[in-house]
Amino acid sequence: MDARFDFITALQYEVKKLRAIVAGFESGERYLQIKNHYLKNLEEKNHTIAALKKELADAYETIIRIRQIWFEVFDDLEKAYKKENRKLIRELEEEKKKRFRAEAQRDEYHDKYREKCRELYESETLLEEEKGKNRKLTAQINRDYENSSLPSSRCAGHKKITNSREKTGRRPGGQPGHTGHCRKKQEVATPPVLLPPPQEVLEDPDFKKTKKTIKKQLINVRVVLEVQEYHADVYYNSKTGERRHAAFPDGITDDVNYGGSIRAFLFLLNHDCHTSIDKSRRFLSDLTGGKLNLSKGMVSKLSGEFARKTETERKKIFADLLLSPVMHADFTNAKMNGKSVNVLVCAATDGKTLYFAREKKGHEGIKGTPVEDYQGILVHDHDKTFYHYGANHQECLAHVLRYLKNSMENEPDRTWNREMHALLQEMIHYRNQTPEEEWDREKVSGLKKRYQEILKKAKDEYDDVPANDYYKDGYNLFLRLEEYMSNHLLFLEDHRVPPTNNEAERLLRDYKRKQQQAVTFRSFESLENLCQCMSMLVMMRKNGEQNIYDRVSGIFGQGRPMAFD
């Protein structure tokens, strides 16, 4: 009830208020109040507008005045600008003229410079080409057995071999306390010659004979010609007419037969001492007082006879070479009737050796040799044909060292060749001086790492300064060392493998001596017989046979070795 009362009371007050407002509007008094209030506000606004208009007019006048001032300033500035602009245009025209003159002079000098550059380029190109030719010719002139694969026999002007031994100050000969090597006294076969005493001894009775006797020998050699003659009586059958006689010993076929001693003597002179057939015949004739004058045909047939009689032994050597773990192989040139042929040598590290005469190199030359079926490690001189045979390969570092020396002489501005030369020498020395049981794998790894670092250095040097067009031997050697690195360093992995192919080189040197003596062979058969004979002679020496002459005499048979009386 209270809330409703309050609500009604509020409504009544609100109605009363609204009635008073309505009464004011009905009487017009309220309208007058509103109008007066409006007029008052309107008058205030008009005064404000008038003040603002006056202020705006003043500001407009000020703007006009300032604009006129600015126009005057701009006119002055424009006049000054135009004056300055005309001055600058004149100066610019002068500068353009100067620039045109300078450009003309520059173009003239540029043409002259370009012409000079062209001449300089042509001169430098010509100079570089002449330097390359000079380097190539110098390399050819300086190429010898020390910096290339040329044999020493083909190089003129051998250098003097220097004596690197240090002087000790001692006198030459045997030193105090050293047991001397006296000449060996021989067995005396004849009565000694007693020398008579000096005359002064005979005349002076104070000299008495002692028990001491001084003995001195004079040794000479003389050849005794031994002739054995066989007689066989002939028997005749009167009924059948048949004639019979006793059989002569083997080898006694002609009226005059030469025994194994004479054949061995002539054979060794010709094949081991490398004397010509004529000199060998003449020497034997001189030794026998002119009694023996053998024919050239008989002497020339000795090599073929010796080769036939030693065929079985060479077959055994052939089989042993196939079983050897490491084998040297190398070709060399030979002459046959003015035509170029080849000689191949195959040698095991234990000394077993065979020579082969071949008409061609390459695969044709390898057919029928131990290399064809070999399954071990081949040591050779970078003949790529050999890479098709064998299980693994070692290249001869002696050749590489010579090629590096050649690069050092003709490319003195590069450093990799000197470092590689010193490193390979260090590797070879370490391998030769260190027993297999003391092999240090860490040191070997370090040597290989240095090898790779030097190759990288070589690549950088040739990238910075490319190889000369006329001398690329050094660059080609770098490529070869990089591509065949494992074949150059195989001797560091397997102690059985030698670092060089010197064994084959030394063996072929014996053939070269014979080639120089013979100059050329008349037939391929002669060269083949020589190779077979040299194979046997090498094996006889390797086997430690004390008297090769006795051995060869036994092979030829018939007769005792030559007697010396």
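This is a short talk on selected features of one protein chain, taken from a predicted model.

Let me begin with the salt bridges, since a search of the whole structure finds 29 of them, and I will go through a few. In one, the side chains of Arg-106 and Asp-107 meet, with a distance of 3.1 Å from N to O. Of these two residues, Arg-106 is exposed, at a relative accessible area of 52%, while Asp-107 is partly exposed, at 35%. If you wonder why one counts as exposed and the other as partly exposed, the cut-off for exposed is over 50%, and 52% for Arg-106 passes that mark.

The next pair is Arg-551 and Glu-313, which form a salt bridge whose closest N and O atoms are 2.9 Å apart. This pair links distant parts of the chain, because Arg-551 sits in helix H17, residues 548–556, and Glu-313 sits in helix H8, residues 311–323, with their positions 238 residues apart in sequence. Arg-551 is partly exposed, with a relative accessible area of 27%, and Glu-313 is partly exposed as well, with 29%.

A further salt bridge brings together the side chains of Glu-426 and Arg-450, at 3.1 Å from N to O. Here too the pair links distant parts of the chain, with Glu-426 in helix H11 (residues 416–433) and Arg-450 in helix H12 (residues 441–464), 24 residues apart. Glu-426 has a relative accessible area of 29% and is partly exposed, and Arg-450, at 35%, is partly exposed too. Salt bridges can also share partners, and in this model such sharing joins Arg-263, Glu-305 and Lys-309 into one network.

Since Glu-426 belongs to helix H11, let us stay with that helix for a moment. H11 has 18 residues and spans 26 Å from its first C-alpha to its last, which is close to the 26 Å expected at 1.5 Å a residue. Which residues of H11 are buried? The buried ones include Trp-416, Met-420, Leu-424, Ile-428 and Arg-431. The buried residues of H11 pack against helix H10 (397–410), H12 and helix H13 (473–483), and H12 is the helix that holds Arg-450.

Glu-305, from the network I mentioned, takes us to helix H7, where Glu-305 is one of the buried residues, together with Leu-302, Ser-303, Gly-304, Phe-306 and Ala-307. Six of the eight residues of H7 (residues 302–309) are buried, so this helix is largely enclosed by the rest of the structure. What does the covering of those buried residues include? Among the elements that cover them are helix H4 (260–271), helix H6 (296–300), H8, helix H16 (524–542) and H17.

Now to strand S3, residues 326–336, where we find Met-336. Met-336 is buried, with a relative accessible area of 8%. Setting aside residues up to four places away in sequence, Met-336 touches Val-341, Thr-520, Phe-521, Arg-522, Ser-523 and Phe-524. By contrast, Val-371 is 35 residues from Met-336 in sequence and 24 Å from it in space, C-alpha to C-alpha.

In the loop between S3 and strand S4 (339–348) lies Asn-337, which has a positive phi of about 55° although it is not a glycine. Most residues other than glycine have a negative phi.

His-382 is another such case, with a positive phi of about 65° although it is not a glycine. His-382 is placed in the loop between strand S6 (377–380) and S7, and it is buried, at a relative accessible area of 18%.

His-382 is also one of the contacts of Glu-395, a residue of strand S7 (residues 392–395). Is Glu-395 buried or exposed? At 0% relative accessibility, Glu-395 counts as buried. Beyond its neighbours within four places in sequence, Glu-395 is in contact with residues including His-380, Tyr-387, Arg-480, Tyr-484 and Pro-499.

I will finish with the second largest pocket, which has a volume of about 1500 Å³. Its lining is made up of 31 residues, and those nearest the centre are Pro-192, Val-193, Lys-215, Lys-216 and Gln-217. By kind, the lining of this pocket divides into 17 nonpolar, six polar and eight charged residues.

Notes:
Residues are numbered from 1 along each chain as its sequence is written. This is a predicted model: local features need pLDDT of at least 70, side-chain atom pairs count only at pLDDT 80 or more; totals for chains, interfaces and linings use all residues. Side-chain values use heavy atoms; hydrogens and water are left out. A salt bridge is a side-chain nitrogen of Lys or Arg within 4 Å of a carboxyl oxygen of Asp or Glu. Buried means under 20% relative accessible area, exposed over 50%, partly exposed in between (1.4 Å probe, protein chains only). Helices (H or I, at least four residues) and strands (E, at least two) are DSSP runs, numbered from the N terminus. The expected span of a helix is 1.5 Å times one less than its number of residues. Contact means heavy atoms within 4.5 Å. On a 1 Å grid over the protein atoms alone, a cavity is a set of points where a 1.4 Å probe fits but cannot get out, and a pocket is an open set with protein on both sides within 12 Å along at least five of seven lines; lining residues have an atom within 4 Å of a point. Grid points are joined across faces, edges and corners, and a volume is the space filled by probe spheres set on the points. Ala, Val, Leu, Ile, Met, Phe, Trp, Tyr, Cys and Pro count as nonpolar, Asp, Glu, Lys and Arg as charged, and the others, Gly among them, as polar.
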